[in-house]
Structure formats: structure tokens, C-alpha cells
Amino acid sequence: HYGEIALKGDNRKFFEEKLVENIKKSLQANGVLFNYVQRISGRILVELKNQSDAEKAEGALRKVFGITYFVFAGQSQQNIENIKSKAIEILKYENFESFKVETKRGNKSFALTSQQINEQVGEAVMEGLVKKVDLHNPDIILYIEITEKYAFLYTKKNTGIGGLPLGVSGKAISLISGGIDSPVASYLMFKRGVKIIFVHFYSNQQGYEQSLEKVRDILRVLKNYQEKIKIYFVPFGEVQKKIVLKTKAEFRVVLYRRVMFLVANEIALQEKAKALITGESVGQVASQTLDNILAVEEAVSLPVLRPLAGMDKIEIINMAKKISTYEISILPHLDCCSMFAPKHPATKADLKEVKNQEKKLKIKKLITSALKNVTIENLT
């Protein structure tokens, strides 16, 4: 079952077809065999080849954006006697004393109303299994859905991760560090249907290889949500040295980030991506004041998406734990933005002064040099 997709009007078919495609990919990646995945009215229907694959299928479906919830259902012919028989067949294996029946009748041509179905199936279960009806606090609920051609019965709803199907919103570049924030920002943009290519900036300090491996470990977790992960590793130490030698100390971090954005912007143009993504949260650190955000973003032509902008650190940490990146993110790593960081960075950098400082640098040459030494990896 999906939620937001149902509001897409004339574009709904496009979103549904992408969701079908993504479900197939996730099932295949998890070794789940199926006969078909198809669209029906308001739902996606999957028929598994083996009932024993249900547990693997559950794990696969929990990672597919666009699914609000999913169920493992029994199927019945669309007549009340078959529905009664299927209800007893499903419930006889459950441990309960009280129950209720909830019916959704999408196919309005079905002869009985939802309430009539509830009553007749409830009576059959009471007599067939000797159980009692409790409409307010039942031990179990039997759900019945009457769709265009099918009748489905089930007792448990599995929550999905919602959002939009991955890929429907185009492609973006995520500036990923080894920290807590940027993996969460990337996850949230996955959830809005954005496919992501990653860019990581590093300095050739002692131990940097370990930090790069940490980034790979984070991306392997995010690979649960996007099957193919591509990352650009950009050496940034020489750029930083030039900035340190030629510009005022208080503007270093802003200038670092301007050049990072410019490099990422060039990569985005090469990859035909439509936006940049960062893990910035307004006011969290000196570079994330509104003045500094303005001074950095002015450098690039593409929009910069900041899904964490209004979140505090506790909220971000909780989400990092939820998506299983937190334990990796808190491991020690070398953050190139902290390399040569001044004691008193500007918190309200004046854009005019930032640009004056930038004129002391050969920006195009710095960007070309950084891009020339990029390493591209596709994680498996």
C-alpha cells in the first residue's frame, strides 16, 4: 500500500511503475523469488513463488521508499462463502479468544456492504472457531479488502518507510563526510525520491585511508536503500594549503566550503545532477549560520538542499540510529574542514569580503587540480 503516490493525479502511473520497478529490484537483491509484481487499484500486488521466502521479502520491502505498509494476505474468490472459508482458514492458526472484522470494499459492485461482510464473516468465525467478537479491544483483527478483481484477508500490517519511490525526483550530489549529519541528510533525500551520487573531500593526513574506509562503511549501510552507490573521493589538502597561505584566517572555513561546493557543482554538471545536498543544520556550527550559508551557497549555480536545516542534534542522532549509521559515524575520523581551522572563524561572513579574499586565489586552477586527482568508486 502506498500513501503520497495516490495524490499524484495524472502522474500517478509514473510513480506506481517506478515503485513496481524498485520492489522487483529489492526482492531480487534479497534472493526472493516471485511470479509477478503488478499494479492493481490503489495497491501493488506481489505473488511470491515460495511461502518460505516471506521473511526475506519482509526485509526487502522494509527498505523500499514509497511503501507505507505491506501485508502478507490470503486470496479468495469474490463471493461471501469463499471469503468465510478463507477467514476460518487464516484464523485457525492464530492464538486468540476475541476478534473483530474490518472490511474495505474498493469494488462497490460487490453485492454486500462492508458492514454486511463484517457481520457475515464474524458470524462464521464465531461458529466455526468458537470465538467471541470484541469491537473495542479484540485480541486480533481480521482485515478484508475487496478490490477490483480480488478479495484479500490478513491479520497484520507491516509498516514501510513511506516517501516517494527512489528515482522519481531525479539525481543529486551529496557532500558526505564521516560524521553523523550527512548520511541522515542523504537518507531523507532518498525518501523524497532522489537518486544520489556522493562526493567526499579529504586531506592526505596521516591515517586518512582509515577515514576513507569509514566513509565506505557508511555508504554500505546506505546501500540498503539505493542499490548502486557511486562516490567521488576528492583530495583537498593542497586547496586548503593555498587558502591558508593567501587569505585571512577567519574566512578559511567559508572559503573551504565555497571551493567544495564549486567542485561538487562541476561533478553535478558532469553527472547531470540537479542539486547539491548537505547535512547542514542552521546554527549548529560556525559555518552554518545564515550569513555563512549565504556566503557559501552564492558560489554555485545549482540549488543546495539542506534536509536537516530545522533539526537539532538530538533529532539527527536519533534518526542516524534508526538508519544504522550512527555507530559508524561516531568512530574517529579526519575531518578536512577542521584542518588548519582558525580559533575564531567568522560567524557572520560578509559576502563582499569573502569574494575579495577569494580573488587572492586562482579558483579555476584549484577546481581543475582537485578534479584531476579525483578517484571514483562504485561500491558493491
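These legends go with a set of close-up views of one predicted model. Local features need pLDDT of at least 70 and side-chain atom pairs count only at pLDDT 80 or more, while totals for chains, interfaces and linings use all residues. Residues are numbered from 1 along each chain as its sequence is written, and side-chain values use heavy atoms, with hydrogens and water left out.

**View 1. Helix α4 and what its buried side packs against.** Helices here are DSSP runs of H or I with at least four residues, strands are E runs of at least two, and both are numbered from the N terminus. Helix α4 covers residues 114-129, and its end C-alpha atoms sit 22 Å apart, which agrees with the 22 Å expected for 16 residues at 1.5 Å a residue (the expected span being 1.5 Å times one less than the number of residues). Its buried residues are Ile-117, Asn-118, Val-121, Gly-122, Ala-124, Val-125 and Leu-129; buried means under 20% relative accessible area, exposed over 50%, and partly exposed in between (1.4 Å probe, protein chains only). Looking down the axis of α4, these residues fall within an arc of 165°, so they line one face of the helix (the arc is taken from the directions from the helix axis to the C-beta atoms). They pack against α3 (80-91), β5 (98-105) and β7, with contact meaning heavy atoms within 4.5 Å. Right after α4 comes Val-130, which has a positive phi, near 55°.

**View 2. A nonpolar surface patch with Leu-135 in it.** Met-126, Val-133 and Leu-135 together make a patch of about 260 Å². Patches take residues with over 30% relative accessible area and no salt bridge, joining like charges within 9 Å and nonpolar side chains (Val, Leu, Ile, Met, Phe, Trp, Tyr) within 5 Å; areas come from the Shrake-Rupley method with a 1.4 Å probe, and for residues only the protein chains shown count as cover. Leu-135 sits in the loop between β6 (132-133) and β7 (140-146), and it counts as exposed at 54% relative accessibility.

**View 3. Arg-306, a buried arginine in a loop.** Arg-306 lies between β14 (304-305) and α10 (313-322), and its relative accessible area is 16%. Beyond its neighbours within four places in sequence, it touches Phe-261, Thr-278, Glu-280, Ile-293 and Glu-297.

**View 4. The two sides of α10.** On the inside are the buried residues Ile-316, Ile-317 and Ala-320. Down the axis of α10 they span an arc of 100°, so they line one face of the helix. They pack against α5 (181-191) and α11 (326-329), whereas the face turned away carries the exposed residues Ile-314 and Lys-322.

**View 5. A salt bridge between Arg-192 and Glu-4.** The closest N and O atoms of this pair are 2.8 Å apart; a salt bridge is a side-chain nitrogen of Lys or Arg within 4 Å of a carboxyl oxygen of Asp or Glu. Arg-192 is in the loop between α5 and β11 (195-202) and Glu-4 is in the segment before α1 (12-29), so the pair ties together parts 188 residues apart in sequence. Arg-192 is partly exposed at 33%, and Glu-4 is partly exposed at 29%. The structure holds 27 salt bridges.

**View 6. A salt bridge within helix α1.** Lys-18 and Glu-21 meet at 3.5 Å, N to O, and are three residues apart, about one turn of the helix. Lys-18 is buried at 16%, while Glu-21 is partly exposed at 32%.
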